[in-house]
Amino acid sequence: MSNKFWKGMLLGAIAGGALTLFDKETRQAMKENGQKAAELIKNPKQTYEHVKEAAIQIKTIVEQVNDDLSYITEKVDELRETTPQVTKILKETKHAFSKDADIEEEDWEL
């Protein structure tokens with residue numbers, strides 16, 4: 001039974017693929033992909049070099065992203081440390097000014 005299933009799947013895939021080739025754009029895309037694949041097979045050394053270059057570029061990008069994330073993490077940690085200190089200073093300043101304002105208001109009442 002399983003054997004019939006896989007045969008049916010294979011025949012269905014072949015039939016579906018053949019039906020899609022009635023579309024001109026699909027045929028053109030398949031032709032271009034086939035030509036690219038043939039070039040890759042004909043020039044394995046060149047293909048290897050392209051893959052190697054792409055891997056180097058990806059590695060460089062990953063390193064840059066890693067550096068950027070480290071920098072951002074460092075800045076977030078700095079903000080976490082400084083924010084309570086700044087909040088404390090602002091509260092103290094507000095408190096100092098509100099005391100001065102109270103004193104000035106009392107002076108006016110005299």
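Confidence first: across this predicted model, the mean pLDDT is 86, and 88% of the residues score at least 70. Taken element by element, α2 has the highest mean pLDDT, at 90, while α3 has the lowest, at 84.

**Overall layout**

The protein contains three helices and zero strands, and reading along the sequence gives the pattern α-α-α. Helix α1 covers residues 2–20 and α2 covers 24–42, with a loop between them. Helix α3 takes in residues 44–109.

How many of the residues count as buried? Of the 110 residues in the protein, the share is 1%. The cut-off behind that word is a relative accessible area under 20%. As for the surface, the protein exposes about 10500 Å², and 63% of this comes from carbon and sulfur atoms.

**An aromatic pair in the N-terminal part of the sequence**

Searching the whole structure turns up one aromatic pair. The partners are F5 and W6, whose ring centres are 5.0 Å apart; the planes meet at 75°, so the arrangement is edge-to-face. A plane angle over 60 degrees is what earns that label. In general, two values describe a pair of aromatic rings: the distance of the centres and the angle of the planes.

Is each partner exposed or partly exposed? For F5, the relative accessibility is 47%, so this residue counts as partly exposed. W6 has 53% and therefore counts as exposed. The dividing value here is 50%, so the two neighbours receive their labels from opposite sides of that value.

**The loop between α1 and α2**

Moving on to the loop between α1 and α2, you will find D23 there. Its side chain makes a polar contact of 2.8 Å with the side chain of T26. D23 has a relative accessible area of 37%, so D23 is classed as partly exposed.

**Salt bridges in helix α3**

How many salt bridges does the structure hold? There are two, and they are set out here with the distance between the closest N and O atoms.

| Salt bridge | Closest N and O atoms |
|---|---|
| K75 and E78 | 3.5 Å |
| D77 and R80 | 3.6 Å |

Why are K75 and E78 about one helical turn apart? They sit three residues apart in helix α3, which means a separation of about one turn. D77 and R80 likewise lie in helix α3, three residues apart, about one turn of the helix.

Accessibility fills in the picture for these four side chains. K75, at 33% relative accessibility, counts as partly exposed, and its partner E78, with a relative accessible area of 35%, is also partly exposed. In the other bridge, D77 counts as partly exposed at 33%, whereas R80, at 60%, counts as exposed.

**A nonpolar patch**

Which residues make the nonpolar surface patch? I61, V65, L69, Y71, I72 and V76 form it, and the patch amounts to about 560 Å². One of these, I72, is found in helix α3. With a relative accessibility of 47%, I72 counts as partly exposed. That value is over the 30% relative accessible area asked of patch members, so I72 passes this part of the criterion.

Definitions and conventions: Residues are numbered from 1 along each chain as its sequence is written. This is a predicted model: local features need pLDDT of at least 70, side-chain atom pairs count only at pLDDT 80 or more; totals for chains, interfaces and linings use all residues. Side-chain values use heavy atoms; hydrogens and water are left out. Patches are made of residues with over 30% relative accessible area and no salt bridge: like charges are joined within 9 Å, nonpolar side chains (Val, Leu, Ile, Met, Phe, Trp, Tyr) within 5 Å. Accessible areas come from the Shrake-Rupley method with a 1.4 Å probe; for residues, only the protein chains shown count as cover. A salt bridge is a side-chain nitrogen of Lys or Arg within 4 Å of a carboxyl oxygen of Asp or Glu. Helices (H or I, at least four residues) and strands (E, at least two) are DSSP runs, numbered from the N terminus. Buried means under 20% relative accessible area, exposed over 50%, partly exposed in between (1.4 Å probe, protein chains only). Rings of Phe, Tyr and Trp (its six-membered ring) pair if their centres lie within 6.5 Å; planes under 30 degrees apart count as stacked, over 60 as edge-to-face and the rest as tilted. A polar contact is a pair of N or O atoms within 3.5 Å; within protein, one must be able to donate a hydrogen and the other to accept it, and residues adjacent in sequence count only if both atoms are side-chain atoms. pLDDT is the predictor's confidence in each residue, from 0 to 100.
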